[in-house]
Amino acid sequence: MSRDELSAFGRQLYRALEETRVGEAIRDAIRKARRSRGQVILQLRFDEQSVELASLPWELLHDKRRPLLAAGVVDLVRYIVYPEPVVSLEVTPLLRVLQVIASPADKPPIDVEKARASLDKVPNLVVERLSRATYDDLLKRLERKPRLHVFHFDGHSTLQDEQNVLCFEGEDGNSDPVDAEALHVALYNQVSLVVLNACLSSQMTGTSVFSSLAPALIEAGISNSHFGMDGPQSLD
Amino acid sequence: MPATDDLIFIELEFQQSADKIIMRLNEPSYGDLRTPFAPPFPDDVLSTRLEAI
């Protein structure tokens, strides 16, 4: 898709918002942010039925002058409205993180050093890593103590039978797809926070927003926050 | 990254039923606004375009 087509797509999306009764509020906020060199944090909350809406590439929003996110005028957060209360995240001063960096041989290589560095520079973290990024090794680590606070995945995800799956490494070095249910089984009641740094991991599929990986974990009550990325992404 | 004081938070909530989508904005300056929202693209066009992206 060309840059012009992406811009047109973003303008169409913005127009759909602007033409409603809330358009004035959005325009005012953007105007104010531009004047003060501030930023609008646009929080989009979707109910369980809003699969298509949640799947829209809101990141492309374009107000005819410029792409709002790329220009830094707007930042975007997607939320899923879920009736269960948020479980509090109680931790001791050091967060213990398990970082799984999966770079299967049949997928484009992950920049492992960059992925490691992204957490190594964060203060107050104890970072553990698996020697092999396999699902079995993840299960084995979760059976041991000390207890982990955070599961952090860096790698690829893909679509399989219309469901998002994370690509762990298999015994043969190629990708081993792990779906939301398997992830739920592994992580339920084990960690308080899950970070999925993988393309497509937050992309909505199926008929409910809970059918993709990150939302399925929210439904399982595993974590307080998740980060996924729609579309192909680098670790930048 | 702007300072916290320069951040403006806008929260839009989407509620979808079989025949319509309601978008809700609840901001002190504007009150509790609820308005129908029309997705900008037909399903088939949307999926094709998303695939292209």
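Trainee: Let's start in the middle of a sheet. In strand 5 of chain A, which residue is the bridge partner of A:Val100?

Mentor: The partner is A:Phe153. Keep in mind that this is a predicted model. A:Val100 and A:Phe153 give you a way into a longer pairing: strand 3 and strand 5 (residues 150-155) of chain A run parallel, joined over five bridges.

Trainee: How many bridges link strand 3 of chain A to strand 4 of chain A, and in which sense do they pair?

Mentor: Five bridges, in the parallel sense, with strand 4 covering residues 125-129. To find the register on screen, look for A:Leu95, which stands opposite A:Leu125. Between these two strands the chain passes through helix 4 (residues 112-120) of chain A, and this β-α-β crossover is right-handed.

Trainee: Is strand 3 of chain A largely enclosed or open?

Mentor: Here you count neighbours: a residue is buried if 20 or more other C-beta atoms lie within 10 Å of its own. In strand 3 of chain A (residues 95-101), five of the seven residues are buried, so the strand is largely enclosed by the rest of the structure. For the background, 38% of the 236 residues of chain A count as buried.

Trainee: Now a helix. How many residues does helix 2 of chain A have, and how far does it reach?

Mentor: It has 14 residues and reaches 20 Å from its first C-alpha to its last, close to the 20 Å expected at 1.5 Å a residue.

Trainee: Which residues of helix 2 of chain A are buried?

Mentor: They are A:Ile26, A:Ala29, A:Ile30 and A:Ala33. Seen down the helix axis, the buried residues fall within an arc of 95 degrees, so they line one face of helix 2 of chain A. The face turned away from that buried side carries the exposed residues A:Arg31 and A:Arg35.

Trainee: What covers the buried residues of helix 2 of chain A?

Mentor: The cover includes helix 1 (3-18), strand 1 and strand 2 (74-80) of chain A, together with strand 1 (7-16) of chain B.

Trainee: So chain B takes part there. How many residues does each chain bring to the contact?

Mentor: Chain B brings 29 residues and chain A brings 33. On the chain B side, the largest share, 10 residues, comes from strand 1 of chain B. The residues on that side divide into 20 nonpolar, three polar and six charged. Strand 1 of chain B also pairs with strand 1 of chain A, in the parallel sense over eight bridges. One pair to click on is A:Leu42 with its bridge partner B:Ile10.

Trainee: Let's finish with backbone angles. Where does A:Arg37 lie, and what is its phi?

Mentor: A:Arg37 lies in the loop between helix 2 (23-36) and strand 1 (39-46) of chain A. Its phi is near 55 degrees, a positive value in a residue other than glycine. A:Arg37 counts as exposed because it has 11 C-beta neighbours inside 10 Å. A:Asn124, in the loop between helix 4 and strand 4 of chain A, has a positive phi of about 65 degrees although it is not a glycine. A:Asn124 is exposed, with 8 other C-beta atoms within 10 Å.

Trainee: And which peptide bond is cis, with omega near 5 degrees?

Mentor: That is the bond from A:Lys145 to A:Pro146. You will find A:Pro146 in the loop between helix 5 (135-143) and strand 5 of chain A.

Note on methods
Residues are numbered from 1 along each chain as its sequence is written. Chains are lettered from A and ligands numbered from 1 in the order in which they are written. This is a predicted model: local features need pLDDT of at least 70, side-chain atom pairs count only at pLDDT 80 or more; totals for chains, interfaces and linings use all residues. A residue is buried if 20 or more other C-beta atoms lie within 10 Å of its own, exposed if 12 or fewer, and partly exposed in between; C-beta atoms are placed from the backbone. Helices (H or I, at least four residues) and strands (E, at least two) are DSSP runs, numbered from the N terminus. Two strands pair if DSSP finds at least two bridges between them. A crossover is right-handed if, with the strands pointing away from the viewer, the path from the first strand over the helix to the second runs clockwise. The expected span of a helix is 1.5 Å times one less than its number of residues. The arc is that of the directions from the helix axis to the C-beta atoms. Two residues are in contact if their C-beta atoms, placed from the backbone, lie within 7 Å. Ala, Val, Leu, Ile, Met, Phe, Trp, Tyr, Cys and Pro count as nonpolar, Asp, Glu, Lys and Arg as charged, and the others, Gly among them, as polar.
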